[in-house]
Amino acid sequence: MRHYRATAEAHPNIAFIKYWGNRDHALRIPSNGSISMNLAGLVTRTTVVFRPDLPADRLILAGQPRTGQALARVVRVLQRVRQWSALAWYAEVRSDNNFPTGAGIASSAAAFAALATAAAAAAGLSLSTQALSRLARLGSGSASRSVPPGFVEWLAGKSDAASYAVSIAPPDHWALADCVTIVTQGHKAVGSSQGHRLAESSPFQAERLATAPQRLQLCREAILQRDFAALAQVVEDDCHLMHAVMQTSSPRLLYWEPATLAVMHAVRRWREEEGLPVAYTIDAGPNVHVLCPADHAPAVRQRLEALRGVQQVLVALPGGGARVVEA
Ligand code: DP6
């Protein structure tokens, strides 16, 4: 007998070209395309069970029942699955991360990629990667990029149907490491969803959007050619443009802590003075993602751990896409 249950896993991702600002907030249609790499080793595992006896959808994160905004975002995705499958039952969603939620790694990308994949399978839908990426996008924009494997581009599109992510290259294309450098475990003051709404209040957002296609092109080429120097340049350019927008929106968003700056300066010194292939990028928080070719990762990690203010360094290689692990 069918039991309307499935479990899926997905990885978080780190954006090389950032998503910041929406054309349509409700549907999470972004103002610009973005490019990222999935992070192997860091995993969200989500089980969805549709049941005839539930009075409403239910969310349990790391063993804790959740309501409010967190539940509302999950319901959004489940509603779409019910629409597509003509299933009327509510669902219970249980989700766990193998990395601490307070560790400063954005977990919504992995969470909604795993949720979309598990919910579709539980409802008996057999969706393409493209359709799953669109579904995940409704819960969190960056989650659209955790659905396809490896190095991924989210094609911004102008409609729900045209806004989804595709794989540019598989995980084994390039042994690149992300040394996730945690400088604080605290929760961020202003989350991304709120931040996206402020982007347009910065005088720099229009310029950032106008030049995004060039950076997307440079980043795509750097990945395809495994050109670390070119990647380093465009990733840091794009990171600083996004933070310039954040820092000049009203109200201003300043995510950097003293330790964030210490890591940025160190990375730049190692590259410019010692020729080490390293680059940094920073999301909507104080932690720094330090990129390098995988064979340099042990040495880079050691250097990072020796910096004042660095609490922990996690090293992640390119990861696969979201997948059903039990159905
Ligand atoms: C700075 O995907 O977290 O990490 O769609 O509201 O969930 P929501 O936003 P989210 O935004 C990610 C912002 C970013 C850059 C990026 O990952 O591209």
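**Close-up views of a predicted model**

**View 1. Antiparallel pairing of strand 10 with strand 11.** Five residues, 151-155, make up strand 10, which in this predicted model joins strand 11 in the antiparallel sense over 5 bridges. Within this pairing, V152 lies opposite S167 of strand 11.

**View 2. The open sheet of strands 2, 5, 10 and 11.** The 4 strands follow the order 2-5-10-11, and their pairing is antiparallel. Strand 2 (13-17) and strand 11 (164-169) occupy the edges; each has a single partner strand, so one side of each is left without a neighbour in the sheet. From one strand to the next, the twist averages 35 degrees.

**View 3. The largest nonpolar core.** This core comprises 32 residues, and V48, F50, L78 and L115 have the most contacts inside it. Two or more residues each are given by strand 1 (5-10), strand 6 (44-51), helix 1 (68-85), strand 9 (90-97), helix 2 (108-122) and helix 3 (129-139). Helix 2 provides the largest share, 9 residues. In soluble globular proteins, nonpolar side chains tend to be buried together.

**View 4. The surroundings of V48.** Leaving aside residues up to four places away in sequence, V48 touches Y4, R5, A6, L78, A91, E92, V93, L115, A118, A119 and A122. Two of these partners, L78 and L115, are listed together with V48 among the residues having the most contacts inside the largest core. A second core of 28 residues is separate and includes L42, I105, L176 and V235.

**View 5. Helix 7 and its two faces.** Helix 7 runs over residues 258-274; at 1.5 Å a residue its 17 residues should span 24 Å, and the 23 Å between its end C-alpha atoms agrees with this. Its buried residues are A259, T260, V263, M264, A266, V267 and W270. Because these residues cover an arc of only 165 degrees around the axis, they lie on the same side of helix 7. An α-helix has 3.6 residues a turn, so residues three or four places apart point the same way. On the face turned away from the buried side, helix 7 carries the exposed residues P258, H265, E272 and E273.

**View 6. Packing and end of helix 7.** The buried residues of helix 7 pack against strand 12 (176-182), helix 6 (228-247), strand 13 (279-281), strand 14 (288-293) and helix 8 (297-305). After helix 7 comes G275, which has a positive phi near 75 degrees.

Terms used
Residues numbered from 1 in each chain as written. Predicted model: local features only at pLDDT ≥ 70, side-chain atom pairs only at ≥ 80, totals over all residues. Heavy atoms only, no water. Core = buried A, V, L, I, M, F, W, Y, C linked by side-chain atoms within 4.5 Å. Buried < 20%, exposed > 50% of the residue type's maximum accessible area, 1.4 Å probe, protein only. Contact = heavy atoms within 4.5 Å. Pairing = 2+ DSSP bridges. Axes fitted to C-alpha atoms, helices over the stretch in contact; angles between N-to-C directions. Expected span 1.5 Å × (residues − 1). Arc of directions from axis to C-beta.
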